[in-house]
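Hi,

Here's the structure I promised to pass along. Have a look at it first, and my notes on what turned up follow underneath.

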Amino acid sequence: MYISGRGRDDYITGAAVQPGTSDPKFRTWRAENNMVMSWLISSMTTEIGENFLLYTTATEIWKAVCDTFSSSKNTAKLFHVESILQDLRQGDQPVTTYFTTLTRY
């Protein structure tokens, strides 16, 4: 909602296409893209956000986040899986924290 309210949702949908580096609009695109990337990563916990620091566009981050964490296609299964995940642990970490750490490495 924040990104859309700021008029920058084109950066997560991919509609704001990166211009060539010699294009005069490139500096503005890069600054706005970095701002949206910052908003996305700042909205995540540190453990999750660290996984997305090396992406170069907000669109890449958004797609990776959706691929990794979205459950919109499996909402019926989500409640069952969440109840199982609450009890699963890898060492002293919940399995979801362990997964994001493992993904980062």
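Arg6 counts as partly exposed, because its relative accessibility is 47%, a value that is neither under 20% nor over 50%. You'll find Arg6 in the loop between α1 (2-5) and α2 (10-13). From its C-alpha atom to that of Val36 is 9.7 Å, though 30 residues separate the two along the chain. One thing to keep in mind throughout: this is a predicted model.

On confidence, the protein chain averages a pLDDT of 83, with 80% of the residues scoring at least 70. Helix α6 (residues 75-87) is the element to be wary of, as its mean pLDDT of 52 is the lowest among the elements of the chain. The highest mean, 96, belongs to α3.

Overall layout, in brief: the chain has seven helices and two strands, and reading along the sequence gives α-α-α-α-α-α-β-β-α. Of its 105 residues, 22% are buried. The exposed area is about 7,800 Å², with carbon and sulfur atoms supplying 56% of that. If you take the contacts between residues at least 6 apart in sequence, 42% of them join residues at least 24 apart.

Now to α3, where I spent some time. Which residues does Asn33 touch, leaving aside its neighbours within four places in sequence? Tyr11, Thr56, Thr57 and Ala58 are the ones in contact with Asn33. Asn33 sits in helix α3 (residues 26-42), and it is buried because its relative accessible area is just 2%, against a cut-off of under 20%. Arg8 is 25 residues from Asn33 along the chain, yet their C-alpha atoms are separated by 8.5 Å.

Asn33 also takes part in the packing of two helices. Two packed helices are described by the angle between their axes and the distance between the axes. For α3 and helix α5 (residues 58-69), the angle is about 30° and the axes are 8 Å apart. That makes α3 roughly parallel to α5, because angles under 35 degrees count that way. On the α3 side, the residues involved are Asn33, Val36, Met37, Leu40 and Ile41, and they meet Ala58, Ile61 and Trp62 in α5. Sorted by class, this contact has seven nonpolar residues, one polar and no charged ones. Note that Val36, the residue paired with Arg6 in the distance above, is part of this contact, and Ala58 of α5 is in contact with Asn33.

Two loop residues make a nice contrast. Is Asn51 buried or exposed? Asn51 is buried, as its relative accessible area is 16%, and it lies in the loop between α4 (46-49) and α5. Once its neighbours within four places in sequence are set aside, Asn51 is in contact with Thr100, Thr103 and Arg104.

Ala15 belongs to the loop between α2 and α3. Ala15 is exposed because its relative accessible area is 52%, and the cut-off is over 50%. Its C-alpha atom is 9.1 Å from that of Thr59, a residue 44 places away along the chain.

That's what I have for now. Shout if you'd like to go through any of it together.

Cheers

Note on methods. Residues are numbered from 1 along each chain as its sequence is written. This is a predicted model: local features need pLDDT of at least 70, side-chain atom pairs count only at pLDDT 80 or more; totals for chains, interfaces and linings use all residues. Side-chain values use heavy atoms; hydrogens and water are left out. Helices (H or I, at least four residues) and strands (E, at least two) are DSSP runs, numbered from the N terminus. Buried means under 20% relative accessible area, exposed over 50%, partly exposed in between (1.4 Å probe, protein chains only). Contact means heavy atoms within 4.5 Å. Axes are lines fitted to C-alpha atoms, for helices over the stretch in contact, and angles run from 0 to 180 degrees between N-to-C directions. Angles under 35 degrees count as roughly parallel, over 145 as roughly antiparallel, 65 to 115 as roughly perpendicular and the rest as oblique. Ala, Val, Leu, Ile, Met, Phe, Trp, Tyr, Cys and Pro count as nonpolar, Asp, Glu, Lys and Arg as charged, and the others, Gly among them, as polar. pLDDT is the predictor's confidence in each residue, from 0 to 100. Accessible areas come from the Shrake-Rupley method with a 1.4 Å probe; for residues, only the protein chains shown count as cover.
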